[in-house]
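Please open the model in your viewer and keep the sequence panel beside it. The tour below moves from the whole chain to a few helix pairs and then to some single residues in loops.

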Amino acid sequence: MRLGSSLCIGALFTLATASRSIPNVTVTNSTTSIYQLSSDSEFAFVLETFLSFANGGGAATGEILRAASQIKPGDMESFYREFKYLADQIADQATSVNATRFPVSAREAHLRASSYYRAADFFLHGNASDPRIQTLWDSVLDHYDTAMKLLPHPPEQVELDGTEYKIPIYFYSPPKSSHANATSGQGKRLPTILIGSGYDGAQQDSYHQLGKEVLARGWNFVTYEGPGQPTVRRQSNIGFIPDWWNVVTPVVDWLRTRDDVDTDRIALGGISFGGQLAPLAATREHRLAAVLAIDGMLDLHERTLQQFPASIQKLYQSGNKTAFDAIVWEAYKKTTDTSQIWGIDQGLWSFKTSSPFEWMTKMNKMAIDQTMLDNITCPVFVASGQDDHIAPGQPERMARMLGDKAYYHLFKNNVGAGEHCAIGAEPQLAMATMDWLDEVFENPTSRS
């Protein structure tokens, strides 16, 4: 899904450092071309994200807008309560429907209930032992998987073996009527798009973001999760790992065993932090026809560190873990800014650590440099949002570093597509990425 509207770490540290004679840093508030649904910028962005699922059947605008009207800015429990209430109401509607007679009605309600339970969980990760983190996720999966079984062509669900974790996968096949539109032209062997999410995103989100668009083109659509992401973080208790190719390669291995996959036309996409994870995997996994980096990202660690006051940067770079952690927690206790609180909460939870220093260090190990990009052997679609504040300038740097391997695309504000990962403008995202992939698939290169 996303990373937070800006992470605003610099402002967090000015609270803790003012009394220590460390120079303050001025942080410019993020601006946006999208109408805000809350005066709390973090809540506004998350509400926008879930509202965007309506483009793929994962939400309803009236339901989201009603919840937004009831949520109190800055009150994370309020965000939980309103979405838990909405999820329960829609879940009751879903279960009251005769699914045998009215499968479409039941399916659509189950999908929305799943999304709303996920929204209820979004701001709870500051307390890793909160039982709601697991119980809400159980509801997310229960309703999503129930909905999937009601599709005319239900996806296949499998778990592959990773290193000390399982890799959960959904494999969606397109309706047979759409096969004629596929580029493959090789019977049942179809182009296949493998999509991974990011820092806080779930693979269920990807179905609403791009899944229907991929399937409408007659291609296979596949989603997966690795360590640090919702299912694997909960079930295997493992945070993000730097060797992301060890997550992707088992999936590619499995796809290549199937008789419905054109092995010369497998593309890997990543959304949000996935825009760093997908290229990272492609530096070692060389059997891909293309990579989609939405939005392109080289180093989230670098971006986070840049927002610290210079003195705190030096403290971190000195390796003084005890002092660095102390000042982070001092600042954390004083701030009331939701973006700052969530940035720390989600970072520590998804990397499975209680130490801000370790969180930063683990992020640093996932950075992508020029040598690594030189190892990528396929074309890369590098997306950038005109109003994306997560890692500004990094998509452009990635494209320049990739050289002829890169296709750069800027999603613009004037047509509502300039937010992080073109959130809310999914049809434009699909048009740009899928049309580019179609051209790449016209002349595939055999990959051993």
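Helices here are DSSP runs of H or I with at least four residues, strands are runs of E with at least two, and both are numbered from the N terminus. With that convention, colouring this predicted model by secondary structure should bring up 18 helices and eight strands.

**The whole protein**

Before selecting anything smaller, switch to a surface representation, where the protein exposes about 17,000 Å², with carbon and sulfur atoms supplying 48% of that area. Of its 448 residues, 59% count as buried. If you draw the contacts between residues at least 6 apart in sequence, 74% of them join residues at least 24 apart.

**Helix pairs**

Two packed helices are described by the angle between their axes and the distance between the axes. Three pairs are visited here in those terms.

Select residues 76-96, which form helix H4, together with residues 132-149, which form helix H6; these two pack at an angle of about 30°, and their axes are 13 Å apart. Because angles under 35 degrees count as roughly parallel, H4 is described as roughly parallel to H6. Their crossing is left-handed. Showing side chains, you will find that H4 makes the contact through Glu77, Tyr80, Lys84 and Ala91, while H6 contributes Arg132, Leu136 and His143. By class, the residues of this contact of H4 with H6 comprise three nonpolar, one polar and three charged.

Keep H4 on screen and add helix H3, residues 61-70, whose axis comes within 9 Å of that of H4 and crosses it at roughly 145°. This time the crossing, of H3 past H4, is right-handed. On the H3 side the contact is made by Glu63, Ile64, Arg66, Ala67 and Gln70, and on the H4 side by Ser78, Glu82, Phe83, Tyr85, Leu86 and Ile90. The contact of H3 with H4 has six nonpolar, two polar and three charged residues.

Next, hide those helices and select helix H12 (residues 310-317) with helix H13 (residues 321-334), whose axes come within 8 Å and cross at roughly 140°. That angle makes H12 oblique to H13, and the crossing of the two is left-handed. Ile312, Leu315 and Tyr316 of H12 meet Ala323, Phe324 and Ile327 of H13. Which classes of residue make up the contact of H12 with H13? Six are nonpolar, and there are no polar and no charged residues in this contact of H12 with H13.

**Backbone details in loops**

Now reduce the view to the backbone and centre on Asp295, in the loop between strand E6 (290-294) and helix H11 (300-306). The peptide bond that joins Ile294 and Asp295 is cis, with omega about -5°.

Move then to Glu164, which lies in the loop between strand E1 (156-161) and strand E2 (166-172). Glu164 is not a glycine, although its phi is positive, at about 70°. Is Glu164 buried or exposed? Glu164 has a relative accessible area of 72% and is therefore exposed.

Finish at Asn237, in the loop between helix H8 (230-235) and helix H9 (245-255). Here too the backbone carries a positive phi in a residue other than glycine, with the value for Asn237 near 60°. Asn237 has a relative accessible area of 41%, so this residue is partly exposed.

Notes. Residues numbered from 1 in each chain as written. Predicted model: local features only at pLDDT ≥ 70, side-chain atom pairs only at ≥ 80, totals over all residues. Heavy atoms only, no water. Buried < 20%, exposed > 50% of the residue type's maximum accessible area, 1.4 Å probe, protein only. Contact = heavy atoms within 4.5 Å. Areas by Shrake-Rupley, 256 points an atom, 1.4 Å probe, with all protein chains shown as cover. Axes fitted to C-alpha atoms, helices over the stretch in contact; angles between N-to-C directions. Parallel < 35°, antiparallel > 145°, perpendicular 65-115°, else oblique. Left-handed = near helix turned anticlockwise from the far one by under 90°. Nonpolar A, V, L, I, M, F, W, Y, C, P; charged D, E, K, R; others polar.
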